[in-house]
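Trainee: I have just opened a structure I have never seen before. Could you walk me through it, one question at a time?

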Amino acid sequence: MFRYFLYIISGFFIAAVPFVLLLIAILAINQTVRQPSPKISRTIFNLILAFTLLVFVGATIWAMLRLNDIQIQEIIGIYIYLSIYFVGTFLCYITLNFAISLWSRGKQATILLVLGSQLDDIDNVTNVLRRRLDEAIQMYYRQKSRTHSKITIIVTGGPQHQSTYSEAEGMENYLIQKGIPAEDILLEPRAKNTDENFKFANELIKEHRLSGKVAVITSRFHLMRATYIARQSHFKAYYQGAGTPSYLWPFSIVREYIAYILLTSELNYAFIILLIAIGLFDIFY
């Protein structure tokens with residue numbers, strides 16, 4: 001019985017790979033088109049990836065329509081290798097998110113940087129953002145009792161869509177309602193993504209001449225990508241992960257995993273292109 005269950009799960013993952021490849025191709029093209037001033041090398045790389053993936057999915061459809069058993073077997077073999085790659089890196093991504101959170105637990109910091117997330121329709125914090133802020137509140141009182149020094153909470157996040165009300169303002173209101181003194185809160189209301197969260201927060205820290213260790217607080221599923229972006233920006237900090245509502249976790253972790261794949265595209269794309277290119281060569285030659 002268990003063996004058949006494994007067969008079904010394996011079949012599901014293999015069947016999902018073509019859709020994942022198409023999604024990556026679309027996102028790669030979208031990333032190239034929407035980026036204000038993309039590097040030529042990155043643009044060429046993204047276009048090669050998108051072309052390779054679209055050709056491979058097209059070859060799959062072509063082989064299926066021709067009902068060529070040998071070619072179908074070759075293509076299924078490539079999908080099996082790709083599914084192993086995606087599942088393996090996905091499990092590593094989940095594990096590293098937890099490891100980063102555990103590594104930083106208990107460390108002291110006098111600056112707590114809370115990364116923003118979307119507000120709801122009436123500009124209140126959502127469940128995801130509320131958990132980040134609750135984690136910050138716990139750390140605020142814990143660090144204050146340990147260090148007996150001033151603890152500053154920086155909330156970062158700009159306005160959404162056409163609204164003039166920023167994520168940072170919604171976060172500040174929530175913190176004040178929970179008893180955090182307004183003078184211990186700094187707003188960074190311009191950032192539209194994680195890169196800008198760190199860039200503008202760093203400017204704010206320098207502007208107010210804040211000193212001491214920084215702890216970045218975000219959702220646990222976001223830790224790996226946030227850490228990577230911070231390191232690229234030379235932003236030194238500890239990282240603390242907040243929990244996520246169980247009904248949101250599957251979608252959130254998959255979305256962040258794909259975003260991380262796109263962020264670290266050179267290594268991942270090169271492997272995928274190489275694997276597919278070798279497979280296509282075997283199929284047609």
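What follows is a friendly conversation about this predicted model.

Trainee: How many helices and strands are there in the chain?

Mentor: Let's begin with the order of the elements. From the N terminus on, they run α-α-α-β-α-β-α-β-α-β-α-β-α-α. In total, the chain has 9 helices and 5 strands.

Trainee: What share of the residues counts as buried, and what share of contacts joins residues at least 24 apart?

Mentor: For burial, the chain has 285 residues, and 44% of them count as buried. For the contacts, take those between residues at least 6 apart in sequence. Of these, the share that joins residues at least 24 apart is 72%.

Trainee: Let's look at a pair of helices. Are H7 and H8 roughly parallel or roughly antiparallel?

Mentor: H7 covers residues 223-232 and H8 covers residues 249-263. Their axes come within 9 Å and cross at roughly 25 degrees. Angles under 35 degrees count as roughly parallel. That is why H7 and H8 are called roughly parallel.

Trainee: Is the crossing of H7 and H8 left-handed or right-handed, and which residues of H8 make the contact?

Mentor: H7 passes H8 in a left-handed crossing. From H7, the contact uses Met224, Arg225, Tyr228 and Ile229. By class, the contact has 6 nonpolar, no polar and 2 charged residues. On the H8 side, the residues are Glu256, Ala259, Tyr260 and Leu263.

Trainee: How far apart are the end C-alpha atoms of H8, and what span should its residues give?

Mentor: H8 has 15 residues, and the rise to use is 1.5 Å a residue. The expected span is therefore 21 Å, which agrees with end C-alpha atoms that are 20 Å apart.

Trainee: Which residues of H8 are buried?

Mentor: Buried means under 20% relative accessible area. In H8 the residues that meet this are Ser252, Ile253, Glu256, Tyr257, Ile258, Tyr260, Ile261 and Leu262.

Trainee: And how many residues of H7 are buried?

Mentor: The buried residues of H7 are Leu223, Met224, Arg225, Ala226, Thr227, Ile229 and Ala230. H7 is mostly covered, and the count out of its 10 residues is 7.

Trainee: Arg225 keeps coming up. Is it buried or exposed?

Mentor: Arg225 sits in helix H7. Beyond its neighbours within four places in sequence, it contacts Tyr93, Thr194, Glu256, Ala259, Tyr260 and Leu263. Because its relative accessibility is 18%, Arg225 counts as buried.

Trainee: H7 also packs on H6. Which word describes the way the two lie, parallel or oblique?

Mentor: H6 and H7 pack with their axes 9 Å apart, at an angle of about 50 degrees. Their crossing is right-handed. Thr194, Asp195 and Phe198 of H6 meet Arg225, Ala226, Ile229 and Ala230 of H7, including the residue we just discussed. As for the angle, H6 and H7 are therefore oblique.

Trainee: What are the classes of the residues in the contact of H6 with H7?

Mentor: Here we sort each residue of the contact by its class. The contact of H6 with H7 divides into 4 nonpolar, 1 polar and 2 charged.

Trainee: How do H4 and H5 lie, roughly parallel or oblique?

Mentor: H4 spans residues 127-147 and H5 spans residues 167-177; their axes are 11 Å apart and meet at about 50 degrees. The crossing is right-handed. The contact joins Leu129, Arg130, Leu133, Asp134 and Ile137 of H4 to Met171, Tyr174 and Leu175 of H5. From the angle, H4 is oblique to H5.

Trainee: What is the phi of His234, and where does it lie?

Mentor: Most residues other than glycine have a negative phi. His234 is exposed, because its relative accessibility is 70%. It lies in the loop between H7 and strand E5 (238-242). Although His234 is not a glycine, its phi is positive, at about 60 degrees.

Trainee: What is the phi of Arg209?

Mentor: Arg209 belongs to the loop between helix H6 (194-207) and strand E4 (214-219). It is exposed, with a relative accessible area of 76%. Arg209 is not a glycine either, yet its phi is positive, at about 55 degrees.

Terms used. Residues numbered from 1 in each chain as written. Predicted model: local features only at pLDDT ≥ 70, side-chain atom pairs only at ≥ 80, totals over all residues. Heavy atoms only, no water. Axes fitted to C-alpha atoms, helices over the stretch in contact; angles between N-to-C directions. Helix = DSSP H or I, 4+ residues; strand = E, 2+ residues; numbered from the N terminus. Parallel < 35°, antiparallel > 145°, perpendicular 65-115°, else oblique. Left-handed = near helix turned anticlockwise from the far one by under 90°. Contact = heavy atoms within 4.5 Å. Nonpolar A, V, L, I, M, F, W, Y, C, P; charged D, E, K, R; others polar. Expected span 1.5 Å × (residues − 1). Buried < 20%, exposed > 50% of the residue type's maximum accessible area, 1.4 Å probe, protein only.
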